Amino acid sequence: MRRTPGVLYAALLGAVFGFALLAGWTTLAAQIDSDVYDFLFRLDQRTPPPATSVIYGIDERTLRQGGGLAGLRGILADGLERLRPCLPKAVALDIVLADETAAKEENDRLIWALGRLPNVVLASTLTAHGWENPLAQLPRKATGHVHSDPDPYDNVVRQISLEKVAGRERQWALALETFKAMHPEAVIEEDPGGLTIDGVRLPSPREAARPLLVKFRPSTAPVPEVTFAELAEKDQCGAFREKAVFVGITAQSAAQDRHSTPLSFGQTMVGVAINANAYETLASRAFLRPAGNLETVGLALAITFAAGAIFYLLSGWMAYASAAVLLVTVHALTWAAFRQGIVFPYTTPLAAVWLGTAATASFQYFVTRRQLHKAEADRSRYQQAIHFVAHEMRSPLTAIQGSSELMGRYKLPEEKRAQMAQMIHSESQRLGRLIQTFLDVERLSEGQMELAREPFAMGDVVRASMERAQPLAERKRMTMTLQSLDECTLKGDRELMEYAVYNLLTNAVKYSPVETQVTVFTALGGGTLRLSVRDQGIGMDEKEARKIFTKFYRTKRAEQSGEAGTGIGLSIVEQIVVHHGGRIEVQSSPGAGSCFTMVLPVEDALESGGK
Ligand code: ADP
């Protein structure tokens with residue numbers, strides 16, 4: 001994996017990270033996050049500390065016995081009178097007593113009953129016309145609103161607003177007012193970002209109406225409930241002693257404020273119980289808080305990074321095992337955080353971990369596969385080359401073997417011996433050259449050949465190569481002329497460049513009949529040098545001209561001339577020219593000679609038009 005294209009990999013991880021964040025923003029994600037929140041809620045079966053509140057409910061039976069909702073005030077007055085000797089510490093009424101038309105006598109009884117109870121908190125509600133407050137003559141310690149905040153997507157109550165503002169009047173929630181009444185010593189500090197209750201921070205921004213995630217008590221230890229009818233029938237007084245009593249209608253038929261909660265599982269919870277649970281949350285001072293944006297982004301980043309690191313550093317089963325561990329860890333993390341009171345959105349980290357592992361694993365898979373393909377291609381190319389070289393070696397070897405055998409076995413005339421010795425010599429030289437060329441090609445295509453990056457004078461290269469090729473030309477009584485030479489500097493490997501030029505020159509000599517001409521000329525302009533080698537040789541057709549740079553390719557005509565070599569030279573020339581940032585062009589037609597032109601970028605033009 002070391003050879004992984006790093007930039008591409010980093011870009012992939014960046015995309016995964018971005019996508020995970022985007023995915024977390026969608027409403028679908030919000031719904032999934034909520035469902036998971038509810039699921040974790042139900043999963044957390046830890047028993048909370050004993051409840052300090054009691055629901056004192058007006059149920060069906062109480063209503064029936066008291067003459068239905070019409071007699072509510074009478075029922076309330078009776079019930080509250082019965083509550084007084086039970087010594088509750090605070091009494092919160094989850095019934096808005098704003099109705100002025102109520103019968104005078106019942107009202108008076110209610111005023112009397114309320115006046116004899118300690119720490120009474122009355123409910124208010126926010127209507128389209130502003131606050132609907134309980135009648136002024138009703139005695140109380142405080143007034144608190146009874147709004148819960150159902151989730152706009154699924155209507156489940158997960159939180160309540162601790163603070164509601166309408167016009168110039170703001171009211172705290174009934175649960176908070178009751179908490180204050182129960183704990184007069186509690187220090188509550190308020191700032192725009194939240195509340196601090198006895199030193200415990202409750203992040204609850206004012207601009208969001210100060211939400212409080214309600215820690216609903218599990219069904220195994222709910223807020224206890226005693227109905228009005230029950231208290232009237234038997235002595236249940238002990239249940240209320242020193243408690244915060246939440247009074248409200250629990251009768252299915254009459255309670256309109258019923259809502260689903262994370263725990264409700266299809267059943268709904270009455271408003272008074274939601275308020276009691278909100279109070280318990282405050283009383284426990286152990287709050288659930290949503291993870292901050294920065295924490296979420298940080299977590300997604302860490303997960304993406306971890307997935308990236310796993311498939312960058314490891315491979316095979318180790319990588320997959322680590323990825324599995326990462327997957328499990330991230331799933332468990334949400335749960336662990338929840339138990340610690342931190343609510344992480346579920347979608348973002350999950351998207352990060354699944355996408356991250358899937359993307360990096362596939363990336364690794366494809367990179368490995370590509371490397372495997374390359375290795376296979378290299379191997380077959382190598383085999384082909386070996387095959388070719390072995391084949392090429394056969395004819396000089398046969399000649400050497402034959403001649404040496406003859407020389408050893410027979411007594412040959414001196415002239416013949418000298419001729420054979422010469423042949424052995426030239427054939428073994430040919431073998432040597434063949435091996436050298438082969439090695440050069442391999443090293444060049446493997447990228448092992450060190451390519452210098454130094455400026456060199458091209459004029460020197462041309463002159464030196466011509467000087468070396470001169471004897472070959474002379475042997476065929478050919479003339480080699482330098483028609484024009486623009487002096488300039490190129491950047492690259494001087495030695496390789498000389499190899500390339502020399503190769504063009506020797507080819508020109510090789511593939512030309514005796515007593516012909518080879519002309520070398522240059523043209524400088526537009527930052528490039530054009531170096532051409534023109535001969536009057538056998539030439540080739542267009543189709544052949546396109547193939548001659550392929551390794552091992554030789555034209556029929558060249559083979560018939562008896563001069564053809566390995567067919568490797570030009571493939572090297574082309575590689576060298578490309579390494580120098582240039583290209584090579586051929587103009588040729590059968591029997592009419594060829595002109596090879598190297599087009600090379602120039603580092604620095606020294607003189608122009610020089611000869
Ligand atoms: P080699 O010359 O060893 O066969 P090269 O790669 O140098 O290998 O050349 C490949 C083929 O291109 C030659 O076999 C020949 O057929 C053709 N060729 C190269 N140079 C010339 C030229 N100047 N004129 C005609 N044919 C040429």
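What radius of gyration does the protein have, and what would a compact globule of 611 residues have? The protein has 47 Å, while a compact globule of 611 residues would have a radius of gyration near 25 Å. These values come from a predicted model.

## Overall form

Taken along the principal axes, the C-alpha atoms of the protein fill a box of roughly 150 × 60 × 40 Å. The secondary structure comes to 17 helices and 27 strands. Of the 611 residues, 45% count as buried. Among contacts with a separation of 6 or more, 72% are accounted for by residues 24 or more positions apart.

## Three helix pairs

Two packed helices are described by the angle between their axes and the distance between the axes. The table gives these values for three pairs.

| Helix pair | Residues | Axes come within | Crossing angle |
|---|---|---|---|
| α4 and α5 | 72–83 and 104–115 | 9 Å | roughly 25 degrees |
| α9 and α10 | 293–313 and 316–339 | 9 Å | roughly 165 degrees |
| α14 and α17 | 494–510 and 569–579 | 9 Å | roughly 140 degrees |

The axes of α4 and α5 cross at roughly 25 degrees. That makes α4 roughly parallel to α5, and their crossing is left-handed. On the α4 side the contact holds Arg 73, Gly 74, Leu 76, Ala 77, Asp 78, Leu 80 and Glu 81. These meet Glu 106, Asn 107, Arg 109, Leu 110, Trp 112, Ala 113 and Leu 114 in α5. By class, the residues of the contact of α4 with α5 are seven nonpolar, two polar and five charged.

Past α5 the chain enters the loop between α5 and β3 (120–127), where Arg 116 is found. Arg 116 has a relative accessible area of 37%, so it is partly exposed. Its C-alpha atom is 10.0 Å from that of Pro 85, and the two residues are 31 apart in sequence.

The axes of α9 and α10 cross at roughly 165 degrees. The two helices are therefore roughly antiparallel to each other, and α9 passes α10 in a right-handed crossing. Leu 299, Ile 303, Ala 306, Ala 307, Ile 310 and Phe 311 are the residues of α9 in this contact. Their partners in α10 are Ala 319, Tyr 320, Ser 322, Ala 323, Leu 326, Val 330 and Leu 333. The contact of α9 with α10 has 12 nonpolar residues, one polar and no charged.

For α14 and α17, the axes cross at roughly 140 degrees. That makes α14 oblique to α17, with a left-handed crossing. From α14, the contact is made by Leu 496, Met 497, Tyr 499, Ala 500, Asn 503, Leu 504 and Asn 507. From α17 come Gly 569, Leu 570, Ile 572, Val 573 and Ile 576. The contact of α14 with α17 divides into nine nonpolar, three polar and no charged residues.

## Buried positions

Which residues of α6 are buried? In this helix they are Leu 174, Ala 175, Leu 176, Glu 177, Thr 178, Phe 179, Ala 181 and Met 182. Helix α6 (residues 174–182) is thus mostly covered, with eight of its nine residues buried.

Phe 438 has its place in helix α12 (residues 414–445). Its relative accessible area is 10%, and because buried means under 20%, Phe 438 counts as buried. Leaving aside residues up to four places away in sequence, Phe 438 touches Ala 385, Ile 386 and Val 389.

## Two loop residues with positive phi

Most residues other than glycine have a negative phi. Arg 477 has a positive phi of about 50 degrees although it is not a glycine. Arg 477 sits in the loop between α13 (458–475) and β21 (479–482). With a relative accessible area of 52%, Arg 477 is exposed.

Glu 515 is not a glycine either, and has a positive phi of about 60 degrees. Its place is the loop between α14 and β23 (517–525). Is Glu 515 buried or exposed? Glu 515 is exposed, with a relative accessible area of 55%. The C-alpha atoms of Glu 515 and the buried Phe 438 are separated by 31 Å, and the two residues are 77 apart along the chain.

Terms used: Residues numbered from 1 in each chain as written. Predicted model: local features only at pLDDT ≥ 70, side-chain atom pairs only at ≥ 80, totals over all residues. Heavy atoms only, no water. Axes fitted to C-alpha atoms, helices over the stretch in contact; angles between N-to-C directions. Helix = DSSP H or I, 4+ residues; strand = E, 2+ residues; numbered from the N terminus. Parallel < 35°, antiparallel > 145°, perpendicular 65-115°, else oblique. Left-handed = near helix turned anticlockwise from the far one by under 90°. Contact = heavy atoms within 4.5 Å. Nonpolar A, V, L, I, M, F, W, Y, C, P; charged D, E, K, R; others polar. Rg over C-alpha atoms; globule rule 2.2 N^0.38 Å. Buried < 20%, exposed > 50% of the residue type's maximum accessible area, 1.4 Å probe, protein only.
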